[in-house]
Amino acid sequence: MGLSLPAGFTLDGTTIHHRIAALAAVSESPAPVVTRVLFSEADLAARRLVADWCREAGLSTRTDAAGNVFARWEGTEPDRPPVATGSHIDAIPNAGRFDGVVGVLGGLAAIEALRRAGFRPRRSLELIVFTAEEPTRFGLGCLGSRIMGGALEPAAADRLADGAGKTFFEWRSGAGCPGDLAGVPLEPGHYAAFVELHIEQGPILEREGLDIGVVEKIAAPAALRLRLTGEGGHAGAVLMQDRHDALLAGAEIALAVEQAARDSSSPDTVGTTGVFRIGPGAINSVPAWAELEIDLRDTDLPRREAARAQIERAVAEICGRRGVGFALETINADPPAICDPGLIAEIMSQMEEIRRNRRRRCSSRTMVSRAYHDTLFMARVCPVTMIFIPCRGGVSHRPDEYAAPEAIETGVTVLAASLAALASET
Ligand code: GLV
Ligand code: MN
Ligand code: MN
């Protein structure tokens, strides 16, 4: 198949970059920091802004009960499963402006450019803005796509509570989405394909001087919460041999997490103890309790589960030896996703055509995604893949996160060509 971009296709780079800057200003923290936690004032304002831009672009919008927003360009054969793209606009505390946003505003820019060039999609095209890809509010990432993909029961989703005990149901009702979540999960085959544009959030493309990474596999996390109960006491008076220090048990466990990941045969196994709280938290008091949250990821499920079993054995051994009680809870343990080879081949062939037509350089490779994305859950609904663009130093989840304007424009061009090809398929 030849290049699917219509002859008059041109990107409006100015608008894309202007919108990224405008969205970055809608934040709970002062620039250059971006913080937009689900259903905060900033998140609600950002959602309104993006929905307005979608409607200005001539798309019809609807929001489901989970707060996922769908902007649709009706195809000439609207009864066929649509082709979808999209990402998220929520941002963790102290984040940058590109994570997720490039996929949402880039998806919109791709659709607008196709419309301007007179393209008529056979299949409808939908841009999805997913609810809470980031786990900040409820401790669970990809909330919107997780429900959509049938990986989280609606009733369980509604019971999720934030640190103050306010539930997802209460939050979404306050945000104007009080409907029944039962209508959110999608049947497999609902979409013909889903392709997400995203910054790489790692250093590989930049190091290798490449423009595009097409994702073959997405690593998935197991998130564990561990509560340790030791024995507190006076830091001067309790003799060392009598101690049951919860922090020290936790410290050994954090090292065991590192060891379990290092013992794996693959660099795709990674383990992080990202939360470590202790109490009572006084310099002259032996830590009586500790709470750890552990994130363990891999692209291969048996390998990740082997590392998880090693961690569980270490927890039991360390706590037994130190006389510290423990309760280990699995927050989530998602299976990794394998991307669709046919979709990857289609995107590769569109890039070949873009190079041949000298539109852009488009040097590329296939790669794994070590971060998770909404695509992980869309893989339960339809064939998926992702288009990665380089970001400076591989930095993400930080205010200095940066993707160059040309890198974004290349990503949007490849996305537009891919959407055009997929939307033209019979
Ligand atoms: C998503 O932000 C992740 O933690 O991979
Ligand atoms: Mn993120
Ligand atoms: Mn993201």
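**Loop, strand, helix pair and manganese sites in a predicted model**

S40 sits in the loop between β1 (34-36) and α2 (41-56). The model described here is predicted. Within it, S40 is buried, at a relative accessible area of 8%. The cut-off for burial is under 20% relative accessible area. Beyond its neighbours within four places in sequence, S40 is in contact with E28 and R137.

A second buried position is found in a strand. V214 belongs to strand β8 (residues 212-218). Its relative accessible area is 0%, so V214 counts as buried. Neighbours within four places in sequence set aside, V214 contacts I344, I347, M348 and M351. R365, T366 and M367 are also in contact with V214, as are T385 and M386. V214 and Q259 are 45 residues apart along the chain. Their C-alpha atoms are separated by 31 Å.

Q259 leads to the helix pair. This residue is one of those in α8 that meet α9. Helix α8 spans residues 246-262 and helix α9 spans residues 301-322. Their axes come within 9 Å and cross at roughly 155°. The two helices are therefore roughly antiparallel. The crossing of α8 and α9 is right-handed. From α8, the contact involves L248, A249, E252, I253, A256, V257, Q259 and A260. From α9, it involves A307, Q310, I311, A314, V315, I318, C319, R321 and R322. By class, the residues of this contact comprise twelve nonpolar, two polar and three charged.

The model also holds manganese ions. Protein donors of the manganese ion (ligand 2) are D99 (OD), E134 (OE) and H397 (NE2). These donors lie 2.0 to 2.1 Å from the ion. Along the chain, the donors of ligand 2 follow the spacing D-x34-E-x262-H. D99 lies in the loop between β5 (91-95) and α3 (101-116), and H397 in the loop between β17 (384-389) and α12 (405-424). The pair therefore ties together parts that are 298 residues apart in sequence. Accessibility separates these two donors. D99 has 9% relative accessibility and so counts as buried. H397, at 34% relative accessibility, counts as partly exposed.

The manganese ion (ligand 3) is coordinated by H88 (NE2), D99 (OD) and H198 (NE2). Here the distances are 2.0 to 2.3 Å. The donor residues of ligand 3 are spaced H-x10-D-x98-H in sequence. H88 lies in strand β4 (residues 83-88), and D99 in the loop between β5 and α3. This pair therefore ties together parts that are eleven residues apart in sequence. At 0% relative accessibility, H88 counts as buried.

D99 links the two sites. It coordinates both the manganese ion (ligand 2) and the manganese ion (ligand 3). The two ions are 3.7 Å apart.

Terms used
Residues are numbered from 1 along each chain as its sequence is written. Chains are lettered from A and ligands numbered from 1 in the order in which they are written. This is a predicted model: local features need pLDDT of at least 70, side-chain atom pairs count only at pLDDT 80 or more; totals for chains, interfaces and linings use all residues. Side-chain values use heavy atoms; hydrogens and water are left out. Donors are N, O and S atoms within 2.8 Å of the metal (3.2 Å for Na, K and Ca); water is not among the atoms, so sites may look incomplete. Helices (H or I, at least four residues) and strands (E, at least two) are DSSP runs, numbered from the N terminus. Buried means under 20% relative accessible area, exposed over 50%, partly exposed in between (1.4 Å probe, protein chains only). Axes are lines fitted to C-alpha atoms, for helices over the stretch in contact, and angles run from 0 to 180 degrees between N-to-C directions. Angles under 35 degrees count as roughly parallel, over 145 as roughly antiparallel, 65 to 115 as roughly perpendicular and the rest as oblique. A crossing is left-handed if the near helix is turned anticlockwise from the far one by less than a right angle, and right-handed if clockwise. Contact means heavy atoms within 4.5 Å. Ala, Val, Leu, Ile, Met, Phe, Trp, Tyr, Cys and Pro count as nonpolar, Asp, Glu, Lys and Arg as charged, and the others, Gly among them, as polar.
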